[in-house]
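The exercises below are meant for a reader who is meeting this structure for the first time. Each one sets a task and then works through a solution step by step.

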Amino acid sequence: QGYEGLVEGGDNIKQANWLSVSNIIQLGGTVIGSARCKAFTTRAGRLRAARNLVEHGITNLCVIGGDGSLTGADIFRSEWAGLLEELVRDGQISEEVARQNCRLNIVGLVGSIDNDFCGTDMTIGTDSALHRIMEVIDAITTTAQSHQRTFVLEVMGRHCGYLALVSGLASGADWLFIPESPPEDGWEDLMCERLGE
C-alpha cells in the first residue's frame, strides 16, 4: 500500500516471490496496492517508516508514483541520517544497526496513466490503461451500432488529455474533450451538427 504500508509495517512489508508475481501481467491496477498516506507527510510518520525499514534490513527502495510519491521519496532520502540518529537517541535501534543501515538508496519510477512526465516515452501504467480503454470502446461500439445510438465515454486524466486524445484517435471518435483545449462557446451546436452528419 505504498507509503501507508511502509509506515504501518507488519504484514505490509513482505518479500515478493515467484508465486506472488505469477499470472498478474494481464491485470489492471497494481497487486501491491496504492494508498495516499497522510502520516508519511509528517516527520513522525517518516520516522515510523524508517524504523520499519531498518527492522527488515531494507536500505533500497523502488518508488513508483507521481509527484507526491517522488517528492516524498526525496524528503525521506534527505532526512534518512537524521531519522536514524533520532531512532538511536530514543533507544529504538542501536548505533551498530544505524551504521549498518546508514545509506538509503532510492530509485524513482514515474507511475502515471497520464503520460505527462517529460523525459520518458511512456510512463508506467499508460499502456495498460490505453489497452483497457480500447477494449471497452471495441465492446460499446458494436452496441452503439446495433442500437443506432451515440455513446459518451469518459476516461481518466485529471489535467492531462493524453488518454482521451490517443484513444479518441485510435477509435475514430467523432468528438473529443481534453483539458488542454477547453471547448469554445457554441460547442454544443457544432457537436450536434457534426453528429447529425
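**Exercise 1. Place two residues with positive phi, and decide how far each is covered.**

Solution. Begin with asparagine 115, which is found in the loop between β2 and α6. This is a predicted model, and in it the phi of asparagine 115 is near 50°, a positive value in a residue other than glycine. Next, compare its accessibility with the cut-off: a residue is buried when its relative accessible area is under 20%, and because asparagine 115 has 15%, it counts as buried. Then turn to glutamine 148, which sits in the loop between α6 and α7 and also has a positive phi, near 50°. The cut-off for exposed is over 50%, so glutamine 148, at 67% relative accessibility, is exposed.

**Exercise 2. Find the salt bridge that links two helices, and say what it ties together.**

Solution. The count of salt bridges comes to eight, and one of them joins arginine 46 to glutamate 79, with the closest N and O atoms 2.6 Å apart. Now locate the partners: arginine 46 belongs to helix α3 (residues 43–56) and glutamate 79 to helix α4 (residues 67–89), so the pair ties together parts that are 33 residues apart in sequence. As a last step, look at how far they are covered, and note that arginine 46 and glutamate 79 are both buried.

**Exercise 3. Examine two salt bridges that stay within a single helix, and classify the accessibility of each partner.**

Solution. Start in helix α3, where glutamate 55 and arginine 51 lie four residues apart, about one turn of the helix. Their salt bridge has its closest N and O atoms 3.5 Å apart. Glutamate 55, with a relative accessible area of 52%, is exposed, whereas arginine 51, with 22%, is partly exposed.

Continue in helix α6, where arginine 132 and glutamate 135 are three residues apart, again about one turn of the helix, and where their side chains meet in a salt bridge at 3.4 Å, N to O. Arginine 132 is partly exposed at 37% relative accessibility, and glutamate 135 is partly exposed at 47%. Elsewhere, salt bridges that share partners join Arg43, Arg46, Glu79 and Glu86 into one network.

**Exercise 4. Describe the second largest pocket, going from its volume to its lining.**

Solution. The volume comes first: the second largest pocket holds about 940 Å³ of space. The pocket is lined by 33 residues, and those closest to its centre are Phe151, Val152, Leu153, Ala173 and Trp175. Then ask which elements give two or more residues to this lining; they are α6 (126–146), α7 (162–171) and α8 (187–196). Among these, α6 gives the most, with six residues. Finally, sort the lining residues by character, which yields 18 nonpolar, nine polar and six charged.

**Exercise 5. Which residues make a nonpolar surface patch of about 320 Å², and where does leucine 109 lie?**

Solution. The patch is made by Ile64, Val107, Leu109 and Ile124. Of these, leucine 109 can be placed in strand β2, which covers residues 105–110. Patch residues need over 30% relative accessible area, and leucine 109, which is partly exposed, has 31%.

Notes
Residues numbered from 1 in each chain as written. Predicted model: local features only at pLDDT ≥ 70, side-chain atom pairs only at ≥ 80, totals over all residues. Heavy atoms only, no water. Patch = residues over 30% accessible without salt bridge, like charges linked within 9 Å, V, L, I, M, F, W, Y side chains within 5 Å. Areas by Shrake-Rupley, 256 points an atom, 1.4 Å probe, with all protein chains shown as cover. Salt bridge = Lys/Arg side-chain N within 4 Å of Asp/Glu carboxyl O. Buried < 20%, exposed > 50% of the residue type's maximum accessible area, 1.4 Å probe, protein only. 1 Å grid on protein atoms, 1.4 Å probe; cavity = no way out; pocket = protein on both sides within 12 Å on 5 of 7 lines; lining within 4 Å. Points joined across faces, edges and corners; volume = space filled by probe spheres on them. Nonpolar A, V, L, I, M, F, W, Y, C, P; charged D, E, K, R; others polar.
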